[in-house]
Amino acid sequence: MYDTVSSYLDEHATIWQAIARIGTAKVNLDELRQQISNQATVQAASQATYGKTKLALKNSIAIKADILNDLLEVKALMDGDEELARQMSDTKTDLYQMKYDDLIVRVKFIIAKALEQEEVLVPDFGMTQEQVTDLQGDVNELEEMNGKPREYQIKSGVATAELEVLFDQTDDLLYNQLDNLMKIFKNRNRDFYEGYRRARMIVDY
């Protein structure tokens, strides 16, 4: 409704622009609309950022862990260690599809095995210490993120509370100011007045 009312007044500005009180109310309406838009953006971002960031990190971990996984699997196969080869047979897709907690446990296991056998994996199979350190850093970050949902919920909650206040302020502006001011045109310009009333009935928020 807020956008519809604002647009209607813009389209018919020549009718009401000589009335200063309406002009002031229109400016206030547009300012409130902008604040609502800003807070809605904050709310949406706080809800989406957490999930997107976490998924991107999960994907990165799955890719890096799969590379390390493959090195361990190849070594195990060449050593005839069927059990280790089986343990290291997960693909990038397998890892990515795991629940977050399961992925962390699995990748920590891969890292531990890699460190156990780094004296062979580094010179003979091309593993680097940076690979292990980089993967461990990502795992640490994911573990830290698992404790952050509350922060995003708080941020979203604050935005929601501010939106409620802004909606109340905007409704008050419409009901107690513009609606009354528009009665100036009830008989002076019936078509404009009825058009305003129709615009007020359209819900766009």
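Here is a short chat between a trainee and a mentor about this predicted model.

Trainee: Let's start with the big picture: how many helices does the protein chain have?
Mentor: Follow the elements from the N terminus and you read α-α-α-α-α-α-α-α-α-α-α. The count of strands is zero, and the count of helices in the protein chain is eleven.

Trainee: What share of the residues in the protein chain is buried?
Mentor: A residue counts as buried when its relative accessible area is under 20%. The protein chain has 205 residues, and the buried share of them is 35%.

Trainee: And of the contacts between residues at least 6 apart in sequence, what share joins residues at least 24 apart?
Mentor: For this one, leave aside pairs that sit fewer than 6 apart in sequence. Among the contacts that remain in the protein chain, the share joining residues at least 24 apart is 79%.

Trainee: Okay, helix 1 and helix 11 next. Are they roughly parallel or roughly antiparallel?
Mentor: Their axes come within 8 Å and cross at roughly 160°. An angle over 145 degrees counts as roughly antiparallel. So helix 1, set against helix 11, is roughly antiparallel.

Trainee: Is the crossing of helix 1 and helix 11 left-handed or right-handed?
Mentor: Helix 11 covers residues 190–201, and helix 1 covers residues 2–11. Where helix 1 passes helix 11, the crossing is right-handed.

Trainee: Which residues of helix 1 meet helix 11, and how do the residues of that contact divide?
Mentor: From helix 1 come Thr4, Val5, Tyr8 and Leu9, while helix 11 brings Asp191, Phe192, Gly195, Tyr196, Ala199 and Arg200. Sorted by type, the residues of this contact are six nonpolar, two polar and two charged.

Trainee: Now helix 6 and helix 8: how are they arranged, roughly parallel or roughly antiparallel?
Mentor: Helix 6 spans residues 100–116 and helix 8 spans residues 129–145, with axes 10 Å apart. They pack at an angle of about 155°, and over 145 degrees is the range for roughly antiparallel. Therefore helix 6 lies relative to helix 8 as roughly antiparallel.

Trainee: What is the handedness there, and how many nonpolar residues are in the contact?
Mentor: The crossing of helix 6 and helix 8 is left-handed. Helix 6 offers Tyr100, Leu103, Ile104, Val107, Lys108, Ile111 and Leu115, and these meet Gln129, Val132, Leu135, Gln136, Val139, Leu142 and Glu143 in helix 8. Two residues of the contact are polar and two are charged, and the nonpolar ones number ten.

Trainee: Let's do rings. How many aromatic pairs are there?
Mentor: Two rings pair when their centres lie within 6.5 Å. By that rule, the number of aromatic pairs is three.

Trainee: Why is the pair of Tyr2 and Phe167 called tilted?
Mentor: Stacked needs planes under 30 degrees apart and edge-to-face needs over 60, with the rest being tilted. The ring centres of Tyr2 and Phe167 are 6.1 Å apart and their planes stand at 35°, so the pair is tilted.

Trainee: How far apart in the chain are Tyr2 and Phe167?
Mentor: Tyr2 sits in helix 1, and Phe167 sits in helix 9, which covers residues 149–181. Tyr2 is buried at 5% relative accessible area, whereas Phe167 is partly exposed at 27%. The pair links distant parts of the chain, and the separation is 165 residues.

Trainee: What sort of pair do Phe185 and Phe192 make?
Mentor: Both Phe185 and Phe192 are buried, and together with Tyr8 they form one aromatic cluster. The ring centres of Phe185 and Phe192 are 5.0 Å apart with planes at 85°, so the pair is edge-to-face.

Trainee: How far apart in space are Asp171 and Met1?
Mentor: Asp171 lies in helix 9 and is partly exposed at 24% relative accessibility. Along the sequence, Asp171 and Met1 are 170 residues apart, yet C-alpha to C-alpha the distance is 9.9 Å.

Trainee: And what separates the C-alpha atoms of Glu141 and Leu57?
Mentor: Glu141 belongs to helix 8 and, at 38% relative accessibility, is partly exposed. Glu141 and Leu57 are 84 residues apart along the chain, and their C-alpha atoms are separated by 8.3 Å.

Key
Residues numbered from 1 in each chain as written. Predicted model: local features only at pLDDT ≥ 70, side-chain atom pairs only at ≥ 80, totals over all residues. Heavy atoms only, no water. Axes fitted to C-alpha atoms, helices over the stretch in contact; angles between N-to-C directions. Helix = DSSP H or I, 4+ residues; strand = E, 2+ residues; numbered from the N terminus. Parallel < 35°, antiparallel > 145°, perpendicular 65-115°, else oblique. Left-handed = near helix turned anticlockwise from the far one by under 90°. Contact = heavy atoms within 4.5 Å. Nonpolar A, V, L, I, M, F, W, Y, C, P; charged D, E, K, R; others polar. Phe/Tyr/Trp six-rings, centres within 6.5 Å; stacked < 30°, edge-to-face > 60°. Buried < 20%, exposed > 50% of the residue type's maximum accessible area, 1.4 Å probe, protein only.
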